[in-house]
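Me: I'd like to learn how to read charged side chains in a structure. Could you walk me through it?

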Amino acid sequence: MTARERQGPLDGLRVVDCSGMIAGGFATTQLADFGADVIKVEHPEGGDPLREWPPYDEGTSLWWKSIGRNKRCVTLDLSTAEGSALLLDLIADADVLFENFRPGTMEQWGLGPEDLHEENPGLIVVRQSGYGQTGPKSDKPGFGTVAEGITNWAHVNGFPDSKPLLPPISLADLTAANFAVQGVMFAIFERDIGRGGGSGEGQVIDMSLYEPLFRLFLSEVEAYDRLGEVRERIGNHHENAAPRNVYETEDGYMTLSASAQSIFENVADAVGRPDIVDDPRFADNERRVEHADELDEIIEAWTRERTTEEAIAAMEDADAIVGPVYDMADIFEDEQYAARDNIVEVEDEDLGSLKTAAPVPRFTRTPGAVDHAGPRHGQHNDEVFREELGLDAAAYERLREEGVI
């Protein structure tokens, strides 16, 4: 069964993805997971750079197998007149187009929003770039690392005695992807359903890499505006709750968070120190935050004398909120992940049986699904260009030989 045949909640939605790398790729993966027909457009000579990202299995990128899943892949040189014309044919009955070229590039190819909307007035165009389509930095190239640096993220991440710390995942790109999906759903609602039955018109979603990540800093804009406060690095502590940390155990680590007074009292009981509830240093959350290091010393003195399993069991018996620190091997063995089918298995034509993360969120009637992993470069050219767009055999072969497709 292909993504186009599944009855997911987005069944009937057609998405043309001209983007490369992570932000657009992950956004369209999520749409494809829930039934959208996503046609991934790549350059005939190379394709998405993620096809070359390790880790590899028998020369095949597992990055690509993950982010390319549930999509159909075609090749098209958009810089050529015939290539841009074919894209216009492709978007004629599409709902959404994603692109992440440097601002102005699509316009140079005759594929700017005005050109696209002349062909399809209802098209939603998602334009992803480092700094957005406007502003003094709009013409600069951008990657997620730069966005993580300029949004306050790297500055606040890490420990007080460390240099600013970048996240271990492509956080800015993935955050931008989630906001892009949200934006697409907003735009579809306005076009098809909104007040009065929908406008019927498409529009442009201008999505930078830095703005979605910046939006996650709740209250910090207000704190600087009104109080002049600039947040600094505090490691695993939380500025509004204590205790909250990763605690060393006899054989590993565990996490603990007690953002409510009752939970803190449960923790105090669990570690055999009910007396600290009346300690002036720990009398309420505000003072616990001020004395978080001292409180952590008490808790960790207790956890270090117990295995992770023993410490978690004792804490849970006292109704504290705790958990282990997993690596991927632990996740594969965890009963909660297994019970909710968080890891699913598909058959891949290159790798055979392949496990991948299940779609999120869960739906009761129209769940998402993974039908196949990332396809081969240009795998669906014949299906899309000949069967759906109606190119005859001679024209198809000529365009292939000329490098247009």
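Me: Let's begin with one pair. Which residue forms a salt bridge with Lys-40, and how far apart are the closest N and O atoms?

Reply: Happy to help, and please keep in mind that this is a predicted model. The general idea is to look for a side-chain nitrogen of Lys or Arg within 4 Å of a carboxyl oxygen of Asp or Glu. Here, Lys-40 pairs with Asp-48, and their closest N and O atoms are 2.7 Å apart.

Me: Is Lys-40 buried or exposed? And what about Asp-48, buried or exposed?

Reply: For this you compare the relative accessible area with a cut-off: buried means under 20%. Lys-40 has 1% relative accessibility, so it counts as buried. Asp-48 has a relative accessible area of 4%, so Asp-48 is buried too.

Me: How many salt bridges does the structure hold?

Reply: There are 28 salt bridges in the structure. One of them joins Glu-99 and Arg-127, with the closest N and O atoms 2.6 Å apart. That pair links distant parts of the chain: Glu-99 sits in strand 6 (residues 96-99) and Arg-127 in strand 7 (residues 124-129), 28 residues apart. Both Glu-99 and Arg-127 are buried.

Me: Which residue forms a salt bridge with Arg-231, and where do the two partners lie?

Reply: The partner of Arg-231 is Glu-220, and the closest N and O atoms are 2.6 Å apart. Arg-231 is in the loop between helix 11 (220-227) and strand 9 (244-248), while Glu-220 belongs to helix 11; the pair links distant parts of the chain, eleven residues apart. As for cover, Arg-231 is partly exposed at 29% relative accessibility, whereas Glu-220 is buried, with a relative accessible area of 14%.

Me: Which residues are joined into one network by salt bridges that share partners?

Reply: When salt bridges share partners, you can follow them from residue to residue. In this model, such bridges join Arg-14, Asp-37, Arg-72, Asp-93, Glu-383 and Glu-388 into one network.

Me: Now for charges without a salt bridge. Which residues form a negative surface patch?

Reply: To find a patch, take residues with over 30% relative accessible area and no salt bridge, then join like charges within 9 Å. Here a negative patch is made by Asp-89, Glu-114, Asp-115, Glu-118 and Glu-119.

Me: Which helix gives the most to the negative patch?

Reply: Helix 5 (residues 113-119) does, contributing four residues. Glu-118 lies in this helix and is exposed, with a relative accessible area of 67%.

Note on methods
Residues are numbered from 1 along each chain as its sequence is written. This is a predicted model: local features need pLDDT of at least 70, side-chain atom pairs count only at pLDDT 80 or more; totals for chains, interfaces and linings use all residues. Side-chain values use heavy atoms; hydrogens and water are left out. Patches are made of residues with over 30% relative accessible area and no salt bridge: like charges are joined within 9 Å, nonpolar side chains (Val, Leu, Ile, Met, Phe, Trp, Tyr) within 5 Å. Accessible areas come from the Shrake-Rupley method with a 1.4 Å probe; for residues, only the protein chains shown count as cover. Lys and Arg count as positive and Asp and Glu as negative; His and the chain ends are not counted. The place of a charge is taken as NZ of Lys, CZ of Arg, CG of Asp or CD of Glu. Helices (H or I, at least four residues) and strands (E, at least two) are DSSP runs, numbered from the N terminus. Buried means under 20% relative accessible area, exposed over 50%, partly exposed in between (1.4 Å probe, protein chains only).
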